[in-house]
Amino acid sequence: MNLQKSRHAWRVSLALGLCGALAACGGGAGDAAMDVPAALPTPLANSTPVPAPAAINAAADASCGINGAGGIQVEVLRQINALRAVGAVCGTTIYATAAPLNWNNLLQQAAIEHSSDMAQHNYFSHDSLEGKTVAQRLADVGYGYSAAAENIAANSPDVASVLTQWLNSPRHCTNMMNPAYRDIGVACVRSDTATYGSYWTMDLGRS
């Protein structure tokens, strides 16, 4: 679609105003393609996992302490739907406005499972150490979907920074802007002893 350059610049400027971030990885469910930014420290998706320490102190609330203004759910919906309301440029693809996403407790449950598992067992990958995939996690929680995707990240301190990191990566940005997705669930779990201090999972889908 053809949009004027000034409109593009305005959209990109507004979207990038979310904040800066650290490390991320993402891809569609069943899609092994990954796009890992060069920022350091960068956990590499599907790399050899770091052996788990004897004890991991992972936060149980799956919010990384984000409790203000309604918590992680309110912050995620506010910021990502603001982005979808104005559109964005993901790499070379222009995304116009998209319908707002709805919070889905089943997707959040799947996200909590994966973030907790990464934090507790000290690895960073879409697949668990036992080989469980995104599709299997969604099946486990009972989310039937016609389309689904997952973004993961590590070391981002808050919602704004992790969304901006994903926005700056074409693959992650596409997942967030894709109008095919209508549901979202996000979790962040902290660990005091794992390699990366916080482990984020964003699951998107359409039932």
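Start by selecting alanine 88 and looking around it: setting aside neighbours within four places in sequence, you'll find alanine 88 in contact with Leu83, Thr93, Ile94, Tyr95, Leu167 and Met177. Keep in mind as you click around that this is a predicted model.

Is alanine 88 buried or exposed? Its relative accessible area is 3%, and buried means under 20%, so alanine 88 is buried. Colour residues 88–90 next, and you have strand E2, where alanine 88 lies. Now add cysteine 173 to your selection. In sequence, alanine 88 and cysteine 173 are 85 residues apart, yet their C-alpha atoms are 8.3 Å apart in space.

**Next stop: the disulfide at cysteine 90**

Stay with cysteine 173 and show cysteine 90 as sticks. These two cysteines form a disulfide, with 2.0 Å between their sulfur atoms. Cysteine 90 lies in strand E2 and cysteine 173 in helix H6, so this pair ties together parts that are 83 residues apart in sequence. If that link is new to you, a disulfide is a covalent bond between the sulfur atoms of two cysteines. Look along the S-S bond of cysteine 90 and cysteine 173: the torsion there is about -60°, so this disulfide is left-handed. Cysteine 90 is buried, at a relative accessible area of 3%, and cysteine 173 is buried too, at 0%.

**Over to the other disulfide**

How many disulfides does the structure hold? There are two. To see the other one, select cysteine 64 and cysteine 188, which are joined S to S at 1.9 Å. Cysteine 64 sits in the loop between strand E1 (23–28) and H2, while cysteine 188 is in strand E6, so the pair ties together parts that are 124 residues apart in sequence. The torsion about the S-S bond of cysteine 64 and cysteine 188 is about -75°, which makes the disulfide left-handed. Cysteine 64 counts as buried at 9% relative accessibility, and cysteine 188 is buried at 0%. Count the bonded cysteines along the chain and the pattern of pairs reads 1-4, 2-3.

**Helix H2**

Now select residues 71–86 to light up helix H2, which has 16 residues. From its first C-alpha to its last, H2 reaches 24 Å, close to the 22 Å expected. Several of its residues are buried, among them Ile72, Val76, Leu77, Ile80 and Leu83. Click one step past the end of H2 and you land on glycine 87, whose phi is positive, near 90°.

**Into the core**

Select Ile184, Trp200 and Met202 together. They have the most contacts inside the largest nonpolar core, a set of 30 residues. Which elements should you colour to see where that core comes from? H2, E2, strand E5 (147–154), helix H5 (159–167), helix H6 (170–177), strand E6 (183–190) and strand E7 (198–206) each supply at least two of its residues. Apart from this core lies another one of 13 residues, including Ala111, Phe124, Ala187 and Val189. Zoom back in on isoleucine 184: beyond its neighbours within four places in sequence, its contacts include Val76, Leu77 and Ile80, as well as Trp103 and Met202.

**Zoom out**

Finish with the whole chain in cartoon view. You'll see six helices and seven strands, and read along the sequence they go α-β-α-β-β-β-α-α-β-α-α-β-β. Of the 207 residues, 51% count as buried. Switch on the surface: the accessible area comes to about 9000 Å², and 53% of that belongs to carbon and sulfur atoms.

Notes:
Residues are numbered from 1 along each chain as its sequence is written. This is a predicted model: local features need pLDDT of at least 70, side-chain atom pairs count only at pLDDT 80 or more; totals for chains, interfaces and linings use all residues. Side-chain values use heavy atoms; hydrogens and water are left out. Helices (H or I, at least four residues) and strands (E, at least two) are DSSP runs, numbered from the N terminus. Buried means under 20% relative accessible area, exposed over 50%, partly exposed in between (1.4 Å probe, protein chains only). Contact means heavy atoms within 4.5 Å. The expected span of a helix is 1.5 Å times one less than its number of residues. A nonpolar core is a set of buried Ala, Val, Leu, Ile, Met, Phe, Trp, Tyr and Cys residues joined through side-chain atoms within 4.5 Å. Accessible areas come from the Shrake-Rupley method with a 1.4 Å probe; for residues, only the protein chains shown count as cover. A disulfide is a pair of cysteine sulfur atoms within 2.5 Å.
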